[in-house]
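Here is a short tour of one protein model, written for someone who likes to follow along in the viewer. Please keep the structure open as you read.

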Amino acid sequence: MKLMLAAVGRAKNGSERALFEQYASRLKLPFDVREVEEKRPLSAAERMAREADLLLACVPAGAVVVALDERGRLHTSEEFARLYGGWLERGAPCVAFLIGGADGHGQAVRDRADALLSLSKMTWPHMLVRAMLAEQLFRAQSILDGHPYHRA
């Protein structure tokens, strides 16, 4: 099994990218990053639909698809660890996390998603979302491995 992050936009060098890479490197499973962009001048609705197509084209067959979405469900770290553990137990070849563009996900992504996940009700820069996701995956891995969790 592998993990994948498909995101709209390109990562620039900087502290947010370094933080993402720090946590991603701690994960036991391979963590593949795919970045997509639509540069044509399109209306917001057309751009969201095109970005959805680009993101979904990155998803391997049989993957569990998790769309990071402000309207998604909020979880505690322990709840997320249980959810993540369930995805691992399903035996899917990949868990694919999708981060949409500035206007959010197109309907095709929401329709395909096995889960809609919110990291916060607040708005965060996409590069920080990548880092927060990698940190929560590492935390979930640690919880599932039986490491003491200070909030338990």
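Let us begin at aspartate 103, which is partly exposed because its relative accessibility is 39%. Do keep in mind that this is a predicted model.

Aspartate 103 forms a salt bridge with arginine 47, with 2.5 Å between the closest N and O atoms. Arginine 47 belongs to helix 2, while aspartate 103 sits in the loop between strand 4 and helix 4 (107-112), so the pair ties together parts that lie 56 residues apart in sequence. Arginine 47 is partly exposed as well, with a relative accessible area of 25%.

Arginine 47 also leads us to a neighbour worth a look. Helix 2 covers residues 44-58, and glutamate 51 is found there. Is glutamate 51 buried or exposed, and which side chain of opposite charge is nearest? Glutamate 51 is buried and has no salt bridge; arginine 47 is the nearest side chain of opposite charge, at 4.2 Å. A salt bridge needs a side-chain nitrogen within 4 Å of a carboxyl oxygen. Leaving aside residues up to four places away in sequence, glutamate 51 touches Val8, Glu38, Gly101 and Gly104.

**Salt bridges elsewhere**

In total, the structure holds 14 salt bridges. Three of them are set side by side here:

| Pair | N to O distance |
|---|---|
| Arginine 17 and glutamate 21 | 3.0 Å |
| Glutamate 37 and lysine 39 | 3.9 Å |
| Arginine 47 and aspartate 103 | 2.5 Å |

Arginine 17 and glutamate 21 are 4 residues apart in helix 1, which means that about one helical turn separates them. Arginine 17 is partly exposed at 27% relative accessible area, and glutamate 21 is partly exposed at 41%. In the next pair, glutamate 37 counts as partly exposed at 34% relative accessibility, whereas lysine 39 is exposed, with a relative accessible area of 70%. There is also a network of salt bridges that links Lys2, Asp32 and Arg34.

**The sheet and its helices**

Now turn to the sheet. Its 5 strands form an open sheet with parallel pairing, in the order 2-1-4-3-5. Strand 2 (31-36) and strand 5 (115-117) are the edge strands, each pairing on one side only. From one strand to the next, the twist averages 30 degrees. Within the sheet, strand 1 (residues 2-8) pairs with strand 4 (residues 94-99) in the parallel sense, over 6 bridges. Alanine 7, for instance, has isoleucine 99 in strand 4 as its bridge partner.

Which strands does helix 2 lie across? Helix 2 lies across strand 1, strand 2 and strand 4, and runs at about 160 degrees to strand 1. Helix 3 (residues 77-89) lies across strand 1, strand 3 (64-73), strand 4 and strand 5, running at about 130 degrees to strand 4.

**Helix 5**

Our last stop is helix 5 (residues 126-144). At 1.5 Å a residue, its 19 residues should span 27 Å, and the end C-alpha atoms are indeed 27 Å apart, so the two values agree. Buried residues of helix 5 include Met127, Val129, Leu133, Leu137 and Ala140, and also the charged Arg130 and Glu135. The buried residues of helix 5 pack against strand 1, helix 1 (15-24), strand 2, strand 3, helix 3 and strand 4. Just after helix 5, glycine 146 takes a positive phi of about 85 degrees.

How values were computed
Residues are numbered from 1 along each chain as its sequence is written. This is a predicted model: local features need pLDDT of at least 70, side-chain atom pairs count only at pLDDT 80 or more; totals for chains, interfaces and linings use all residues. Side-chain values use heavy atoms; hydrogens and water are left out. Helices (H or I, at least four residues) and strands (E, at least two) are DSSP runs, numbered from the N terminus. Buried means under 20% relative accessible area, exposed over 50%, partly exposed in between (1.4 Å probe, protein chains only). Contact means heavy atoms within 4.5 Å. Two strands pair if DSSP finds at least two bridges between them. Axes are lines fitted to C-alpha atoms, for helices over the stretch in contact, and angles run from 0 to 180 degrees between N-to-C directions. The expected span of a helix is 1.5 Å times one less than its number of residues.
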